[in-house]
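Reader: I'd like a close look at one part of this protein, the disulfides. Could you walk me through them one at a time, and then show me what the rest of the fold looks like around them?

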Amino acid sequence: MGFNFIPLLLFLPLLSITILSGFEQTLASDNTLIVNTNYRNSTEDGGMSSLRGKKQRSGCNLFQGRWVFDASYPFYDSSSCPFIDGEFDCLKFGRPDKQFLKYSWQPESCTIPRFDGAAFLRRWRGKRVMFVGDSLSLNMWESLGCMIHASVPKAKTTLVKRTPLSTITFQEYGVTLYLYRTPYIVDISKEKVGRVLNLGAIEGGANAWKNMDVLVFNSWHWWTHKGQSQGWDFIRDGSSLVRDMNRLDAFYKGLTTWGRWVDQNVDTTKTKVFFQGISPTHYEGREWNEPRKSCNGQMQPLDGSNYPSGQPPSAGVVSKVLSSMKKRVFLLDITTLSQLRKDAHPSTYGGDGGNDCSHWCLPGLPDTWNQLLYAALSM
């Protein structure tokens, strides 16, 4: 039986991040983070430890808003950042329009702090930040490296790219940004029958994730792949070995294994844990009422705050798993705001000759994801 999708609103308490102007920051009883807009007076633990108070009606959801033109963007020049892969460097590969660089995310009734890379390095001196997931994690990891580098361009850095673990280190500050590539988070093992995706095992990289100061997990992109791009030959589901199954069911079971691992292995009083929301694709223009189009040739975001086709069912899976966990994991709910950015993909300017409507140009949308992460960690 396939996964029965239930609307996000039914999964309460939801794990979301909100800003509340004029109140002390507090983690409300429904696990909604309510934070003070007085950033300079925020607590040393990133504003996530207090456990008093209740959710305030005047709270502002960071992830509900619209895109506005902002001449002060982007945060950096791609030609001056040493960390960008060609697949994300749209300007290098000839993208002629630059308006897509000039949009900032504006929540409905609050503002978010502008990213300050030097402040980030001072605050997180000697700390370790790790992104765990697929190429969307790579997108976000490179973006954060570029954003910080633009603030301290003369700082000594070390870049090491390996599989599965890569690092960017800002040496004088002792801050290291890690990337652990694991598209399904759960294990893929080589067995006699071939590559087996084990929905109940998470031993492959889990030891590398321990003792981090910040963890940002992401998965979904590869769960939909079939044919030659599929990363496995069989799925192990408990005692069963099957050739295939409903992909939402598989994602739910795999993510439940991840949630159990976090509950058992991560001390969330020492490690801030985020799940990066589902990053959308824009191959099907019918989703925004342009059925003959894709991301190719798109030059501006959609107006308004809502995506015509709504959130994908995979977002409901994430919400269900997070709401069932014992440990506090915060949802960086970038899905809807990213759905509105049909203009922000590499499309034909990713250097490989294809039409990439899955990843994102740098500079670009992942910079906003990191600005929201920075807001959550700074306030």
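Author: Let's start with Cys146, which is buried, with a relative accessible area of just 1%. Keep in mind that you're looking at a predicted model. Cys146 forms a disulfide with Cys81, and the two sulfur atoms sit 2.0 Å apart. The torsion about that S-S bond is about -85°, so this disulfide is left-handed. As for where the two ends sit, Cys81 is in the loop between strand E5 (65–69) and strand E6 (103–107), while Cys146 is in helix H2 (residues 135–151), so the link ties together parts that are 65 residues apart in sequence. Cys81 has 9% relative accessibility, so with the cut-off for buried at under 20%, Cys81 counts as buried too.

That's one of 3 disulfides in the count. Next up is the pair Cys90 and Cys361, with sulfur atoms 2.0 Å apart. The S-S torsion here is -95°, another left-handed link. Cys90 lies in the loop between E5 and E6, and Cys361 in the loop between helix H6 (335–339) and helix H7 (365–378), so this pair joins parts 271 residues apart in sequence. Cys90 and Cys361 are both buried.

Then there's Cys295 with Cys357, whose sulfur atoms are 2.1 Å apart. The torsion about their S-S bond is about -80°, so the disulfide is left-handed. Cys295 belongs to the loop between strand E16 (272–276) and helix H5 (313–324), and Cys357 to the loop between H6 and H7, so the parts being tied together are 62 residues apart in sequence. Again, Cys295 and Cys357 are both buried.

Now for the surroundings. The protein has 7 helices and 17 strands, and 55% of its 379 residues count as buried. If you take the contacts with a separation of 6 or more, 76% of them are between residues 24 or more positions apart. On the outside, about 16,800 Å² is exposed, with carbon and sulfur atoms supplying 47% of that.

H2, the helix that holds Cys146, turns up again in the packing. The largest nonpolar core has 57 residues, and the members touching the most others are Phe120, Phe131, Ile148, Phe170, Leu177, Leu337 and Leu372. H2 gives this core its largest share, 8 residues. If you want one residue to zoom in on, try Leu372: leaving out residues up to four places away in sequence, Leu372 touches Leu62, Phe63, Trp105, Ile112, Leu332, Ile334 and Leu337. There's also a second, separate core of 39 residues, including Met130, Ile202, Leu215 and Met245. As background, nonpolar side chains in soluble globular proteins tend to be buried together.

One more stop, strand E7 (residues 128–133): 5 of its 6 residues are buried, so E7 is largely enclosed by the rest of the structure. E7 runs parallel to strand E10 (residues 175–181), and 6 bridges join the two. In that pairing, Met130 stands opposite Tyr178. E7 is also parallel to strand E13 (residues 214–217), joined to E13 by 4 bridges, and there Val129 has Val214 as its bridge partner.

How values were computed:
Residues numbered from 1 in each chain as written. Predicted model: local features only at pLDDT ≥ 70, side-chain atom pairs only at ≥ 80, totals over all residues. Heavy atoms only, no water. Disulfide = S-S within 2.5 Å. Buried < 20%, exposed > 50% of the residue type's maximum accessible area, 1.4 Å probe, protein only. Contact = heavy atoms within 4.5 Å. Areas by Shrake-Rupley, 256 points an atom, 1.4 Å probe, with all protein chains shown as cover. Core = buried A, V, L, I, M, F, W, Y, C linked by side-chain atoms within 4.5 Å. Pairing = 2+ DSSP bridges.
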